[in-house]
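Biologist: I am new to this structure and would like to get to know one part of it well. Could you pick a single spot, look at it closely, and then lead me outwards from there?

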Amino acid sequence: GTVGLCRARALRGLGRMDEALGACRRVMAGDPDNEECKAEIRLVKSMKDKSEQARALVASRNFKQAEGIYTEALELGQGESIAHQFHATMLLGRGQCKEKAGKQDAAMQDYSHALDRDSKLAKAALYR
């Protein structure tokens, strides 16, 4: 159970939410009362939902509302060292929303923070 839960958390941190949910489900199959895993599933689902909501809003060109959803997504799993890639992706999305709203300085801050969390995030470097 512990190894499976660690795997789920690592996958979540990489932004691979479906795989993280699968890892949790495998743990739950062997230990259906695992409270840590139940909490992890709730967190992963929340992160995935916020990410999908924000992307849908961007696709419909509702950048202001998408910016708010990206901000909410950034609050999930905050303070965890493993969530770097997920947070970097959310910062990139929020930065793009800010840029579309004409908030260039705020967008640059988000792009810089995204790069701080994931230096390989080429889009953030490009936009910055």
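**A close look at Ser51 and its helix**

Modeller: Let's start with Ser51, which touches Phe86 and Met90, leaving out residues up to four places away in sequence. Please keep in mind that this is a predicted model. Ser51 sits in helix H3, which runs over residues 35-59. Is Ser51 buried or exposed? Its relative accessibility is 6%, and because buried means under 20%, Ser51 counts as buried.

The two residues that Ser51 touches lead us to another helix. Phe86 and Met90 are both among the buried residues of H5, and they belong to a meeting place of two helices: Met47, Ser51, Arg55 and Val58 on the H3 side meet Phe86, Thr89, Met90 and Cys97 on the H5 side. A general point helps in reading such lists: an α-helix has 3.6 residues a turn, so residues three or four places apart point the same way.

How do these two helices lie against each other? The axes of H3 and H5 come within 11 Å and cross at roughly 25°. Angles under 35 degrees count as roughly parallel, so H3 and H5 are roughly parallel. Their crossing is left-handed.

Let's stay with H5 for a moment. This helix has 17 residues, 84-100, and at 1.5 Å a residue it should span 24 Å; the C-alpha atoms at its ends are 24 Å apart, so the two values agree. Besides Phe86 and Met90, its buried residues include His87, Ala88, Leu91, Leu92, Arg94, Cys97 and Lys98. Just after H5 comes Gly102, with a positive phi of about 85°.

Back on H3, there is a second helix partner to meet. H1, residues 2-13, has an axis that comes within 11 Å of the H3 axis, and the two cross at roughly 15°. H1 and H3 are therefore roughly parallel as well, and this crossing too is left-handed. From H1, the contact uses Leu5, Ala8, Arg9 and Arg12, while H3 brings Glu36, Cys37, Glu40, Leu43, Val44 and Met47. Met47 also appears in the list of H3 residues that meet H5.

Cys37 deserves a second look. How many disulfides does the model have? The count is zero. Cys37 is in no disulfide, and the nearest cysteine sulfur, that of Cys24, lies 3.7 Å away. A disulfide needs the two sulfur atoms within 2.5 Å, so this pair does not qualify. With a relative accessible area of 0%, Cys37 is buried, and Cys24, also at 0%, counts as buried too.

Now follow H3 towards its other end. Leu57 is in this helix and is buried, with a relative accessible area of 14%. Setting aside neighbours within four places in sequence, Leu57 is in contact with Asn62, Gln65, Ala66 and Ile69. By contrast, Ser119 is 62 residues from Leu57 in sequence and 26 Å away in space, C-alpha to C-alpha.

Beyond H3 comes a loop that joins it to helix H4 (63-75), and Arg61 lies in this loop. At 59% relative accessible area, Arg61 is exposed. Its backbone is worth a glance. Most residues other than glycine have a negative phi. Arg61, however, has a positive phi, near 65°.

Definitions and conventions: Residues are numbered from 1 along each chain as its sequence is written. This is a predicted model: local features need pLDDT of at least 70, side-chain atom pairs count only at pLDDT 80 or more; totals for chains, interfaces and linings use all residues. Side-chain values use heavy atoms; hydrogens and water are left out. Helices (H or I, at least four residues) and strands (E, at least two) are DSSP runs, numbered from the N terminus. The expected span of a helix is 1.5 Å times one less than its number of residues. Buried means under 20% relative accessible area, exposed over 50%, partly exposed in between (1.4 Å probe, protein chains only). Axes are lines fitted to C-alpha atoms, for helices over the stretch in contact, and angles run from 0 to 180 degrees between N-to-C directions. Angles under 35 degrees count as roughly parallel, over 145 as roughly antiparallel, 65 to 115 as roughly perpendicular and the rest as oblique. A crossing is left-handed if the near helix is turned anticlockwise from the far one by less than a right angle, and right-handed if clockwise. Contact means heavy atoms within 4.5 Å.
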